[in-house]
Amino acid sequence: MIDWNRLSEDEFRHEVRTFYKKEYPTRLDGVWHHLTWDESRDWYRKLYEKGWSAPSWPVEHGGMNLDISRQLIFNEERLDVARGPDFVGISMLGPILIKYGTEEQKRTHLTKTLSGEHRWAQGYSEPGAGSDLASLKTEARLEGDEYVINGQKIWTSWALDATHIFVLVRTDNQAAKKQQGISFLLAYIKSPGITIRGIRNLTGRPAFCEVFFDNVRVPKSNLVGEPNKGWTVAKSLVGIERLFIGSPKHCQFALDRLTRVARAKGLDSDAGYLDDVTKLRLDVEDLATLYAHFVDIVRRGEELPVEVAMLKIFATDTLQLITEKLLEVSGESGVMTGGATFGNHFIDPLNMYYMARPTTIGGGSNEVLRDVLAKQLLASAS
Ligand SMILES: Cc1cc2nc3c(=O)[nH]c(=O)nc-3n(C[C@H](O)[C@H](O)[C@H](O)COP(=O)(O)OP(=O)(O)OC[C@H]3O[C@@H](n4cnc5c(N)ncnc54)[C@H](O)[C@@H]3O)c2cc1C
C-alpha cells in the first residue's frame, strides 16, 4: 500500500494529474452535470480498483488516508472530472460512519460504499425545513427493535440511483431545543413504505427527488450515534465542506473557459470585455489568497473558525458572476443545450451557468451564512 503523504505536494499533484489525464474516459470530457450510476459505473470501478475512491478515509477502511493538504490537491485536480453518485456516500456518510458508526455498521457499509454496491442519498431537507433544518418533522417511533418512520424529504439528490438513504428524524417531540430531539438513521431505499418521485431541474435532468416514508420499518441497529444526538452527527462535516466549496479552482476553471470562448469570439482586445474579465480575475486572485489563509489553519491542525463562511460566500458568488459573463460572451451558441465548439474547445456554457446557480444554496445558503457572520462576528465586535 503506497503512503501518498510521503510524496511532496508537487509530486502528488503530478501523480493525480497524470492518472486523470491517462484514465479519465474521453466520453466524459467537458461534462459538467452530475453523472448517473449508469454513466459513471466504469469510471467509478477504475477509481475503486486503483484504491482512489476515498481520499480522506483511513487505509484500514479502503481509503487513501491523505492528509488535509493532499486532500485539497486531490479535490482541486479532479475539478475537470464529472462527479457521480459517489459524493454522498464517500464524502458525507463514510466519514460519519467512521467517526460515529458501530462496528457492524462499518462492516456492512464501508467497503460496499467504496465499490459502488451501496449508493447513498441524503435525507435531510423537508418542504418546511431547509435552511432551518432543525424544524424537521419526519418522525421515527421506536417499536420493539425497530424504528417506524413517517414523513417526507425533498431535494434528495440521486435518490433514484441510490440503494440506501440516511435520514434525520425526530425521535423526541418534548426536547427543550428542537436540535435535541433528532436522530440519524440508515435505511434501505427499497424498504416497504418508501416512495420516490423525481424532480426535474433546470437542465431537464431528474437530479433530485421527493422521498415519502409511510410506516417504514428499520432495525434499531441502524441508528448512528446516540438517540436524539443526530444533530451533532449531521453537523460534524460542515466546516470542512465549506473549505472544499471555497476552493478557487472552480472559479479558475470557469475563468479559463471564459477566456477560451472570448478568444474564439474575437473579444480578446475588446475594452468592455477586458474591463469585466480583469475585475473577475482580481476577485479570483483575492479568493485564492483567502483560501490559502484557511488552508493554513487546517494544516496547523486548528479548528476552522466561523469566518470560513466568508470564503464559501465569496467563492460561489464569484462563480456565478463568471458563468454569467461566460453565457453573455458565448452569444447564441452559449444557450444551446449540450454545449458547442469554441475554437478547438468543446464548452457547455449553459450547463456551467446552471450548475453555478445552486452553489449559493448548498453548504448553507449565502443569505443565511451572512446572517451567521453578522450575528457571530459583527455583533461580538461591536
Ligand atoms: C443542488 C442541490 C442539491 C441538494 N441536495 C440535497 C440532498 O441530497 N439532500 C437534502 O436533504 N437536501 C438537499 N438539498 C437541499 C438544500 O439543503 C436546501 O435547498 C437548503 O437547505 C435550503 O433550503 P430550502 O431550499 O428549503 O430554502 P429556504 O430555507 O426556504 O430558503 C429560501 C430562501 O430564503 C433564504 N432564507 C432562509 N432563511 C433565511 C434567514 N433566516 N435569513 C435570510 N434569508 C433566509 C434562503 O437563503 C433562500 O434564498 C439540495 C439543494 C440543492 C440546490
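**Exercise 1. The main nonpolar core**

Find the largest nonpolar core in this predicted model and work out which elements build it.

*Solution.*
Step 1. Start with the size: the largest nonpolar core holds 33 residues. Those with the most contacts inside it are Leu243, Leu255, Leu258, Phe294, Leu311 and Ile322.

Step 2. Now turn to the elements. Two or more core residues come from each of α3 (68-77), α8 (249-264), α9 (271-299), α10 (308-330), β9 (340-342) and α11 (349-356). The largest share belongs to α9, with 10 residues.

Step 3. Look for a further core. Another one, of 28 residues, lies apart from the largest core, and Tyr44, Leu110, Ala129 and Leu136 are among its members.

**Exercise 2. Around Leu243 and Gly239**

List the contacts of Leu243 beyond its neighbours within four places in sequence, then do likewise for Gly239.

*Solution.*
Step 1. Select Leu243 and set aside the residues within four places in sequence. What remains in contact is Leu72, Tyr291, Phe294, Val295, Val298, Leu304, Val308 and Leu311.

Step 2. Move to Gly239, which sits in helix α7 (residues 238-245). Because its relative accessible area is 25%, Gly239 is partly exposed.

Step 3. With the same kind of neighbours left aside, Gly239 is in contact with Leu304 and Val308. Gly239 and Val308 are 69 residues apart in sequence, while their C-alpha atoms are 7.2 Å apart.

**Exercise 3. How α11 is covered**

Decide how many residues of α11 are buried, and find what covers them.

*Solution.*
Step 1. Go through the helix residue by residue: 6 of the 8 residues of α11 are buried, so that the helix is mostly covered.

Step 2. Name them: Pro349, Leu350, Asn351, Met352, Met355 and Ala356.

Step 3. Ask what lies over these residues. The cover includes α8, α10, β9 and β10 (345-347).

Step 4. Add a residue from a loop. Val335 lies in the loop between α10 and β9, and beyond its neighbours up to four places away it touches Leu327 and Leu350. Val335 and Pro349 are 14 residues apart in sequence, and the C-alpha to C-alpha distance is 7.2 Å.

**Exercise 4. The ligand and its shell**

Describe the shell around the ligand, including the polar contacts of Tyr124, Trp155 and Ser157.

*Solution.*
Step 1. Collect the shell, which has 15 residues; Ser125, Ser131, Trp155, Ser365 and Glu367 come nearest. By class there are 6 nonpolar, 7 polar and 2 charged residues.

Step 2. Check the polar contacts:
- A polar backbone atom of Tyr124 is 2.9 Å from an oxygen atom of the ligand.
- A backbone N or O atom of Trp155 is 3.0 Å from a nitrogen atom of the ligand.
- An N or O atom in the side chain of Ser157 is 2.8 Å from a nitrogen atom of the ligand.

Step 3. Compute the cover. The ligand taken alone exposes 970 Å², of which the protein buries 59%.

Step 4. Assign elements. β3 (146-157) and α12 (366-381) each give two or more residues to this shell.

**Exercise 5. Positive phi outside glycine**

Examine Trp155 and Asn228, neither of which is a glycine, for backbone phi, place and exposure.

*Solution.*
Step 1. Read the angles: phi is positive in Trp155, at about 60 degrees, and in Asn228, at about 70 degrees.

Step 2. Find the places. Trp155 is in strand β3, whereas Asn228 is in the loop between β8 (223-224) and α6 (230-234).

Step 3. Classify the exposure, with partly exposed running from 20% to 50%. Trp155 is at 47% relative accessibility and therefore counts as partly exposed. Asn228, at 25%, also counts as partly exposed.

**Exercise 6. Leu223 and Lys112**

Is each residue buried or partly exposed, and what does it contact?

*Solution.*
Step 1. Leu223 is in strand β8. Its relative accessibility is 11%, so Leu223 counts as buried.

Step 2. Leaving aside neighbours within four places, Leu223 is in contact with Gln105, Tyr147, Ser183, Phe184 and Leu185. For a distance check, Leu223 and Leu72 are 31 Å apart, C-alpha to C-alpha, and 151 residues apart in sequence.

Step 3. Lys112 belongs to helix α5 (residues 103-115). With a relative accessible area of 34%, Lys112 is partly exposed. Its contacts beyond four places in sequence are Glu117 and His118.

Terms used. Residues numbered from 1 in each chain as written. Predicted model: local features only at pLDDT ≥ 70, side-chain atom pairs only at ≥ 80, totals over all residues. Heavy atoms only, no water. Core = buried A, V, L, I, M, F, W, Y, C linked by side-chain atoms within 4.5 Å. Buried < 20%, exposed > 50% of the residue type's maximum accessible area, 1.4 Å probe, protein only. Helix = DSSP H or I, 4+ residues; strand = E, 2+ residues; numbered from the N terminus. Contact = heavy atoms within 4.5 Å. Near = heavy atom within 4 Å. Polar contact = N/O pair within 3.5 Å; in protein donor to acceptor, adjacent residues only side chain to side chain. Areas by Shrake-Rupley, 256 points an atom, 1.4 Å probe, with all protein chains shown as cover. Nonpolar A, V, L, I, M, F, W, Y, C, P; charged D, E, K, R; others polar.
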